[in-house]
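Trainee: I would like to learn how to read a structure that I have never seen before. Could you take me through it feature by feature?

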Amino acid sequence: MWQFKKIYDRQAERVYRICLIYLKNESDAQDGLQEVFLKLLENPVSFKDEEHEKAWCIRTAKNYCFDQLKSFWHKKRVSMENWREAGETTASEEGALLEIVMKLPVKYRDVLYLYYYEDYSVREISSMLGRKESTIQSQLAAGRKKLRKWIEKEGNYGTEYFEKCVRENQTAR
């Protein structure tokens, strides 16, 4: 049981963020967090290392979200709340950029999130998503292009931060 608590402490915020990105609703994201860790509690997994643990949590959260998004209930409901409360502003540039990333199509959102926010390499993302490395690279490039256009369309909010992230990641990898 103590091992479960350690895993929860390390991964809960990550799982919640992923669920929030896909489900765009705090209550649904909390349900996702609960379901992912309930699954782990009911069917304990022996993780090789923290990377394996992290990958399992990300994959399980994504699968939960996809299942929810495909469900009849989710397709037919009308949301009464927005992802962010009206009038609330994001304090950091990173938060502003993440909001824009979340509005991109799923195939770009996935790779951009995993690459920039979770610091996975193209090879690791390829393995996790079951896509070729060249496909991941193409999706990263196309996602950056769409992100850049979106930022320019909406104004320069977050542009400097976005350019800095791209430069840092190109030199670091």
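Mentor: We will go from the overall make-up to single helices and then to pairs of charged side chains. Please keep in mind throughout that this is a predicted model.

Trainee: Which kinds of elements does the protein chain have, and in what order do they run?

Mentor: The protein chain has nine helices and zero strands, so that reading from the N terminus on, the elements run α-α-α-α-α-α-α-α-α.

Trainee: How much of the protein chain is buried, and what do the contacts tell me?

Mentor: Of the 173 residues in the protein chain, 42% are buried. Among the contacts with a separation of 6 or more, 62% are between residues 24 or more positions apart. The accessible surface of the chain comes to about 10700 Å², and carbon and sulfur atoms account for 50% of that surface.

Trainee: What span should helix α2 have, and what span does it have in the model?

Mentor: The general idea is to count 1.5 Å a residue, which for the 17 residues of helix α2 (residues 26-42) gives an expected 24 Å, and the C-alpha atoms at its ends are indeed 24 Å apart, in agreement with that expectation.

Trainee: Which residues of α2 are buried, and where around the axis do they lie?

Mentor: An α-helix has 3.6 residues a turn, so residues three or four places apart point the same way. In α2 the buried residues are D28, A29, G32, L33, V36, F37 and L40. Because they cover an arc of only 165° around the axis, they lie on the same side of α2. Q34 and E42, by contrast, are exposed on the other side of the helix.

Trainee: What caps the N-terminal end of α2?

Mentor: That role falls to N25, which has a side-chain oxygen 2.8 Å from the backbone nitrogen of S27.

Trainee: Is helix α6 largely enclosed or largely open?

Mentor: Helix α6 (residues 106-117) is largely enclosed by the rest of the structure, because 10 of its 12 residues are buried. The buried residues include the charged-type names R109 and D110 as well as V111, L112 and L114. From its first C-alpha to its last, α6 reaches 15 Å, close to the 16 Å expected at 1.5 Å a residue. Just after this helix, D119 takes a positive phi of about 60°.

Trainee: How many salt bridges are there, and which residues form them?

Mentor: Side chains of opposite charge can pair when their charged atoms come close. Counting a side-chain nitrogen of Lys or Arg within 4 Å of a carboxyl oxygen of Asp or Glu, we arrive at seven salt bridges. One of them joins D9 to K5, with the closest N and O atoms 3.2 Å apart; both residues lie in helix α1 (residues 2-23), four residues apart, or about one turn of the helix. Another joins E13 and R17 at 3.4 Å, N to O, and these two are likewise separated by about one helical turn, being four residues apart in helix α1. E13 counts as exposed because its relative accessibility is 56%, whereas R17, at 29%, is partly exposed.

Trainee: Which pair links distant parts of the chain?

Mentor: E133 and R123 meet in a salt bridge of 3.2 Å, N to O. This pair links E133 in helix α8 (residues 133-154) with R123 in helix α7 (residues 122-129), 10 residues apart. Finally, R10, E50 and E53 are joined into one network by salt bridges that share partners.

Definitions and conventions. Residues numbered from 1 in each chain as written. Predicted model: local features only at pLDDT ≥ 70, side-chain atom pairs only at ≥ 80, totals over all residues. Heavy atoms only, no water. Expected span 1.5 Å × (residues − 1). Buried < 20%, exposed > 50% of the residue type's maximum accessible area, 1.4 Å probe, protein only. Arc of directions from axis to C-beta. Polar contact = N/O pair within 3.5 Å; in protein donor to acceptor, adjacent residues only side chain to side chain. Contact = heavy atoms within 4.5 Å. Areas by Shrake-Rupley, 256 points an atom, 1.4 Å probe, with all protein chains shown as cover.
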